[in-house]
Amino acid sequence: MAVMKKVTPAKMFMGKLTYGADLLEELTELCRRENIHLGRVEALGAVSRVRLAFYDQQTREYQFFELDQPLEITKLVGNVSIKDGKPMVHAHVTLADEAGKAFGGHLAPGTIVFACEFILQAFEGPVFERGFDEQTGLPLWTMSE
Ligand code: ZN
């Protein structure tokens with residue numbers, strides 16, 4: 001059964017990331033710095049290399065893969081919630097090469113920013129905490145109705 005909680009838009013930030021920074025780690029660091037425990041993020045730009053993951057539903061393990069080439073971030077979408085007591089950014093990205101061919105997946109550490117413009121929005125609402133989910137093996141939100 002679906003679970004849904006009311007959240008209220010609060011602070012919004014718009015900015016650019018650091019050339020050469022780790023995309024996921026810098027977004028996470030900004031959330032921790034601004035004390036954002038709940039929210040959403042979107043971004044576009046370019047990376048010099050990317051590291052993504054695909055969750056294998058059979059083995060219940062992430063398969064990581066890397067593309068060591070310049071790519072456009074055509075879309076990054078993610079949310080912010082709590083894991084192990086700290087803000088965690090969960091983001092998926094779609095990237096495109098010089099021919100417009102797209103790649104995508106779960107954003108992992110190891111993706112390096114060439115240029116990146118982002119919007120980060122904080123929400124006020126209940127705590128969304130991640131914990132082990134038996135059905136999927138994933139760290140999903142543990143709240144119930
Ligand atoms: Zn994911």
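Strands are DSSP runs of at least two residues, numbered from the N terminus. In the predicted model described here, Arg130 belongs to strand E8.

The surroundings of Arg130 were examined through its charge, its polar contacts and its neighbours. Arg130 is buried but takes part in no salt bridge. The nearest side chain of opposite charge is that of Glu129, at 9.5 Å. A salt bridge requires a side-chain nitrogen of Lys or Arg within 4 Å of a carboxyl oxygen of Asp or Glu, and the distance of 9.5 Å to Glu129 therefore does not qualify. Polar partners of other kinds are present. The side chain of Arg130 makes a polar contact of 3.2 Å with the side chain of Asn79. In addition, a polar atom of the Arg130 side chain lies 3.0 Å from the backbone oxygen of Pro139. When neighbours within four places in sequence are left aside, the residues in contact with Arg130 include Asn79, Ser81, Ile82, Lys83 and Met88, as well as His90, Pro139 and Trp141.

One of these contacts, His90, is also a ligand of the zinc ion. The protein donors of this ion are His90 (NE2), His92 (NE2) and His106 (ND1), at 2.0 to 2.1 Å from the zinc. Along the sequence, the donor residues follow the spacing H-x1-H-x13-H. His90 is partly exposed, because its relative accessibility of 22% is not under the 20% limit for a buried residue. His92 also counts as partly exposed, with a relative accessible area of 39%.

Another contact of Arg130, Trp141, takes part in the aromatic pairing. Four aromatic pairs were counted in the model. In one of them, Tyr62 and Phe64 are tilted, with 6.2 Å between the ring centres and 45 degrees between the planes. Both residues are partly exposed: the relative accessible area is 30% for Tyr62 and 46% for Phe64. Phe128 and Trp141 form an edge-to-face pair, with 5.0 Å from centre to centre and 90 degrees between the planes. Phe128 lies in the loop between strand E7 (112-124) and strand E8 (130-132), while Trp141 is in strand E9 (residues 139-141), so this pair ties together parts that are 13 residues apart in sequence. Phe128 is buried, at 9% relative accessibility, whereas Trp141 is partly exposed, at 34% relative accessible area. As for clustering, Tyr62 and Phe64 join with Tyr55 in one aromatic cluster.

Methods. Residues are numbered from 1 along each chain as its sequence is written. This is a predicted model: local features need pLDDT of at least 70, side-chain atom pairs count only at pLDDT 80 or more; totals for chains, interfaces and linings use all residues. Side-chain values use heavy atoms; hydrogens and water are left out. Donors are N, O and S atoms within 2.8 Å of the metal (3.2 Å for Na, K and Ca); water is not among the atoms, so sites may look incomplete. Buried means under 20% relative accessible area, exposed over 50%, partly exposed in between (1.4 Å probe, protein chains only). Rings of Phe, Tyr and Trp (its six-membered ring) pair if their centres lie within 6.5 Å; planes under 30 degrees apart count as stacked, over 60 as edge-to-face and the rest as tilted. Helices (H or I, at least four residues) and strands (E, at least two) are DSSP runs, numbered from the N terminus. Lys and Arg count as positive and Asp and Glu as negative; His and the chain ends are not counted. A polar contact is a pair of N or O atoms within 3.5 Å; within protein, one must be able to donate a hydrogen and the other to accept it, and residues adjacent in sequence count only if both atoms are side-chain atoms. Contact means heavy atoms within 4.5 Å.
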